[in-house]
Amino acid sequence: MFLKYLIAGGFLLIPLGGIRAGDAVSPGFLEGHLKIVSPKPVQVAEASPSKGATVIYAEYPLVILSREGQKEIARVTADKDGNYRVALPPGDYVLDAKGRAPGHLRATPVRFSVVSKQAVHVDFDLDTGIR
């Protein structure tokens with residue numbers, strides 16, 4: 001009878017023995033700062049000059065694309081200070097602005113690589129084109 005339990009226990013251990021905790025790939029992180037550039041400062045009529053126009057970063061989401069730049073992997077929106085952070089599987093990606101097209105938002109897509117359990121810092125400059 002003891003042999004019966006030993007065999008049954010061994011059967012359960014065989015599949016589990018082939019799985020190690022380290023086999024699951026941990027994500028890495030993309031972090032950075034979104035800088036929005038406007039060639040002309042925004043002035044409100046009949047208002048006192050401001051120290052700086054308020055930027056609403058949520059209006060300018062960023063997209064993370066596959067290495068080839070064809071498939072959208074994720075979107076990230078900067079916080080109120082322009083900072084962003086997102087977890088991604090290890091691999092090669094392209095960071096771009098959502099809605100970027102000729103005559104609208106201007107930005108240069110940035111290629112970057114993510115490594116498991118590490119953060120890569122990529123700042124992104126965006127020209128609104130507002131003159």
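The following dialogue explains how to read several features of a predicted model.

Visitor: Which elements make up the secondary structure of the chain?

Guide: One begins by listing the elements and then their order. In this predicted model, the chain has one helix and eight strands. From the N terminus on, the order is α-β-β-β-β-β-β-β-β.

Visitor: What is the order of the strands in the open sheet?

Guide: The order in a sheet is read from the pairing of strands. Here an open sheet of four strands runs β3-β2-β5-β6, and the pairing is antiparallel. At the edges stand β3 (72-76) and β6 (110-114), each of which pairs on one side only. From one strand to the next, the twist averages 30°.

Visitor: Over how many bridges do strand β2 and strand β5 pair?

Guide: Five bridges join strand β2 (residues 62-66) to strand β5 (residues 91-97), in the antiparallel sense. As an example of one bridge, Ser66 has Tyr93 in β5 as its partner.

Visitor: Which strands pair with β1 in the parallel sense, and which in the antiparallel sense?

Guide: One takes each partner in turn. With strand β4 (residues 83-88), β1 forms six bridges in the antiparallel sense; Leu30 has Val86 as its bridge partner there. With strand β7 (residues 119-121), the pairing is parallel, over three bridges, and Glu31 is matched with His121. With β8, the pairing is also parallel, over four bridges; Val37 stands opposite Asp127 in that strand.

Visitor: Which residues of strand β1 form the covered face, and which the uncovered one?

Guide: The two faces of a strand are read by listing the residues on each. In strand β1 (residues 28-37), the covered face consists of Gly28, Leu30, Gly32, Leu34 and Ile36. The uncovered face consists of Phe29, Glu31, His33, Lys35 and Val37.

Visitor: Is Leu126 buried or exposed?

Guide: The relative accessibility is compared with a cut-off: buried means under 20%. Leu126 has a relative accessibility of 1%, and therefore counts as buried. This residue lies in strand β8 (residues 124-127). Beyond its neighbours within four places in sequence, Leu126 is in contact with several residues, including Leu34, Ile36, Tyr60, Ala97 and Leu105.

Visitor: How much of the chain is buried, and how much area does the chain expose?

Guide: Such totals describe the chain as a whole. Buried residues account for 26% of the 131 residues. The chain exposes about 9,400 Å², of which carbon and sulfur atoms supply 59%.

Terms used:
Residues are numbered from 1 along each chain as its sequence is written. This is a predicted model: local features need pLDDT of at least 70, side-chain atom pairs count only at pLDDT 80 or more; totals for chains, interfaces and linings use all residues. Side-chain values use heavy atoms; hydrogens and water are left out. Two strands pair if DSSP finds at least two bridges between them. Helices (H or I, at least four residues) and strands (E, at least two) are DSSP runs, numbered from the N terminus. Axes are lines fitted to C-alpha atoms, for helices over the stretch in contact, and angles run from 0 to 180 degrees between N-to-C directions. Buried means under 20% relative accessible area, exposed over 50%, partly exposed in between (1.4 Å probe, protein chains only). Accessible areas come from the Shrake-Rupley method with a 1.4 Å probe; for residues, only the protein chains shown count as cover. Contact means heavy atoms within 4.5 Å.
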